[in-house]
Structure formats: C-alpha cells, structure tokens
Amino acid sequence: MAEKRPRIVVVGSLNVDHTLRVPHIPAPGETLAASGMLTCFGGKGANQAVAAARTGGAVSMIGCVGLDDFGARYMEALESEGIDTTGVLRSAMPTGSAFIAVDDQGENSIIVNAGANHAITPEDVEKHAGLIRGADALLLQLECPLEVVQRAAEIARDAGVRVVLNPSPLSAVYLAARFAVDVLIVNEGEAAQITPQRNLREAMCRHLIITRGAESTLSITEDGVTEIEPPKVTPVDTVGAGDTFAGAFAVASGEGREDAIRFANAAGALATLKAGAQPAIPTSAEIEAFMRG
C-alpha cells in the first residue's frame, strides 16, 4: 500500500438528488404513491469525487454549481469531505438536479436537469489545468458537455496523467466522437454499444472494465480477460453504486493495489445497502472490514 495518497482530479457533474421510494418504476401515464422521499447531494462527478475521498484519495473537483442555496450548501458539503473546491465554479444557472424513482428491488429510473453542469466550458477547464497536470489520475463521466470532458482528457494525456472514463450517460454524440483513455469503466449495456466484441482498440482504451451487477466484473487488457466476482448483497438502492466503483477503483489502482477491482466491487456493493447516492458511499475502513467478512 502506497504511503502517498493518490491525487485524483474529477471533472464532472454536481446534482441535488430527489429520490422517491415506489413499489415499481412507473409506466408511461401511470401515477404512483411514494412511500418516502430523500433529498441529498449527487451527480456522477461529485459522487465519484466523494467515493475517491472516502477511500483515501487527495481529491480536487472541477465542475459548476448555481449561485442558489443548493450550490452554497454543496460547496460546504464537498469541503467537509476534504475535497478541494477551487475548480468548482458558480453560475447564474440553477444547481443541477435529478429526480429518481427507486423500486422495492432497488432498481431506479432517473430524470436529470443539467442546470449549471452545462455552464462549464473547455476554457474553464484550461484555467484549472494545473490541477489536472499535477494529478495521478483524472476521473471523467458524461454529465457535463462532451467538449469539456474531451479537453480535460487532452490536458491529462499531454501531461502523462492516467485518464479513467465512465462514459455514462452514454450518448450518440460520445459514440461518434469517442477519444482515447487509459481505463474505460462501463456496464454491460454500455459495453454492447461501444464494443460488442470487447475490443480494446475499438473501445479506445488500454484497460476495459465491464461491471455486470451480481455477475463477475470483467477486466480486459492486452494480457487477456480476468473475471472478478463481486460480493453477494441484497440491494436497497443502486443509485451511485457505479460512481462509487469508479472512485474507489481510481484510488486503489493509484495505490498500486493488485486487488483494485475487488476493492471497487466491494465499495459498489456496500453503496447499494443504503438509500441515496453520497450518503451510501462507504469509507476505506468499511470496505476493508466488509472484504474481510
């Protein structure tokens, strides 16, 4: 285990999640009575940043929130996690929000209003290029404009910084303009659209990780395919589990852990056992204890 904390920069989204518990995901035209509601901080970028911070990374966030009360409270929440917020901008647009239905099996359906997440520009990223150049890894997703994500990746690649991309939510724009990264983390559905044959060249990465829920996670490199079994759990809420996996993996691999995917699998599994995205993200100590059984 490395003594130095891996330096992780996350460029991505910050949302306020409004989660409703429902008996099943509503069909078109259907009205359901919710059994409960939870409002908490989320957004794929910030979820990954919090996961990286709680698992031992020295984390900086680049993104954008509104000038509203939610934005101010979000900045305080990130700082309370020890996350550097010098790269988080404030916009006249409202802080991003997500409206989430979670059913009795823990599955979810999400509607996102991007808000201030789409106010950030490539020029804003360039102003904080020093953060990226000084990182051990850059962690990206696709809830910000693609040109922002691409510019961040270019800065990192030029500086020899490892780029980890979770291309979610997957879009036709990304599929048409995909770019090279070091690690690509996808679920089965995303993998089928990006590279049905699980080909590294087609995926434009050196390491392809495919998470498959309760089934084994696939780790694909030039050396071949490895399967890593995830822990068996009964999910309460799967929101944020993939983000937790990505953040935990970025830190564990940055520490040089040979079991980085096993560690990330355990982190993601634990994140499904509580309601909400960031409230459910575990710490390193909790993950290690869980892995020991």
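This text walks through a predicted model, from one enclosed helix to aromatic pairs and then to backbone details.

Start with helix α10, residues 260-271. The helix has 12 residues. From first C-alpha to last, α10 reaches 17 Å, close to the 16 Å expected at 1.5 Å a residue. Of its 12 residues, 11 are buried, so α10 is largely enclosed by the rest of the structure. The buried set runs Ala260, Ile261, Phe263, Ala264, Asn265, Ala266, Ala267, Gly268, Ala269, Leu270 and Ala271. What provides the cover? Strands and helices both contribute. The cover includes β11 (207-212), β12 (215-221) and β13 (224-228). It also includes the helices α9 (241-254) and α11 (284-292).

Now take α11 as the partner. Two packed helices are described by the angle between their axes and the distance between the axes. For α10 and α11, the axes come within 9 Å and cross at roughly 105°. An angle from 65 to 115 degrees counts as roughly perpendicular. The two helices, α10 and α11, are therefore roughly perpendicular to each other. On the α10 side, the contact uses Arg262, Phe263, Ala266, Ala267, Ala269 and Leu270. On the α11 side, these meet Ser284, Glu286, Ile287, Glu288, Phe290 and Met291. The contact residues divide into 8 nonpolar, 1 polar and 3 charged.

Next come the aromatic rings. The model holds 3 aromatic pairs. One of them joins phenylalanine 41 and tyrosine 74. Their ring centres lie 4.3 Å apart, with 35° between the planes, and the pair is tilted. Phenylalanine 41 sits in strand β3 (residues 36-42), and tyrosine 74 in helix α2 (residues 69-80), so the pair ties together parts that are 33 residues apart in sequence. Both phenylalanine 41 and tyrosine 74 are buried. Tyrosine 174 and phenylalanine 179 form another pair, an edge-to-face one. Here the centres are 6.1 Å apart and the planes meet at 90°. Tyrosine 174 has a relative accessible area of 0% and is buried. Phenylalanine 179 counts as buried too, because its relative accessibility is 8% and the cut-off is under 20%.

Turn to the backbone. Most residues other than glycine have a negative phi, and most peptide bonds are trans. Where does this model depart from that? One place is the bond between serine 168 and proline 169, which is cis, with omega about 0°. Proline 169 lies in the loop between β9 (162-165) and α6 (172-176).

Two further places have positive phi. Arginine 198 has phi near 55°, a positive value in a residue other than glycine. Arginine 198 is placed in the loop between α7 and α8. At 38% relative accessibility, arginine 198 counts as partly exposed. Methionine 204 also shows a positive phi, near 60°. Methionine 204 is in the loop between α8 and β11. Its relative accessibility is 30%, so methionine 204 counts as partly exposed.

One loop residue remains. Is threonine 195 buried or exposed? At 1% relative accessibility, threonine 195 counts as buried. Threonine 195 lies in the loop between α7 (188-194) and α8 (200-203). Not counting residues up to four places away in sequence, threonine 195 touches Glu202, Ala203 and Leu208.

Definitions and conventions:
Residues are numbered from 1 along each chain as its sequence is written. This is a predicted model: local features need pLDDT of at least 70, side-chain atom pairs count only at pLDDT 80 or more; totals for chains, interfaces and linings use all residues. Side-chain values use heavy atoms; hydrogens and water are left out. Helices (H or I, at least four residues) and strands (E, at least two) are DSSP runs, numbered from the N terminus. The expected span of a helix is 1.5 Å times one less than its number of residues. Buried means under 20% relative accessible area, exposed over 50%, partly exposed in between (1.4 Å probe, protein chains only). Contact means heavy atoms within 4.5 Å. Axes are lines fitted to C-alpha atoms, for helices over the stretch in contact, and angles run from 0 to 180 degrees between N-to-C directions. Angles under 35 degrees count as roughly parallel, over 145 as roughly antiparallel, 65 to 115 as roughly perpendicular and the rest as oblique. Ala, Val, Leu, Ile, Met, Phe, Trp, Tyr, Cys and Pro count as nonpolar, Asp, Glu, Lys and Arg as charged, and the others, Gly among them, as polar. Rings of Phe, Tyr and Trp (its six-membered ring) pair if their centres lie within 6.5 Å; planes under 30 degrees apart count as stacked, over 60 as edge-to-face and the rest as tilted.
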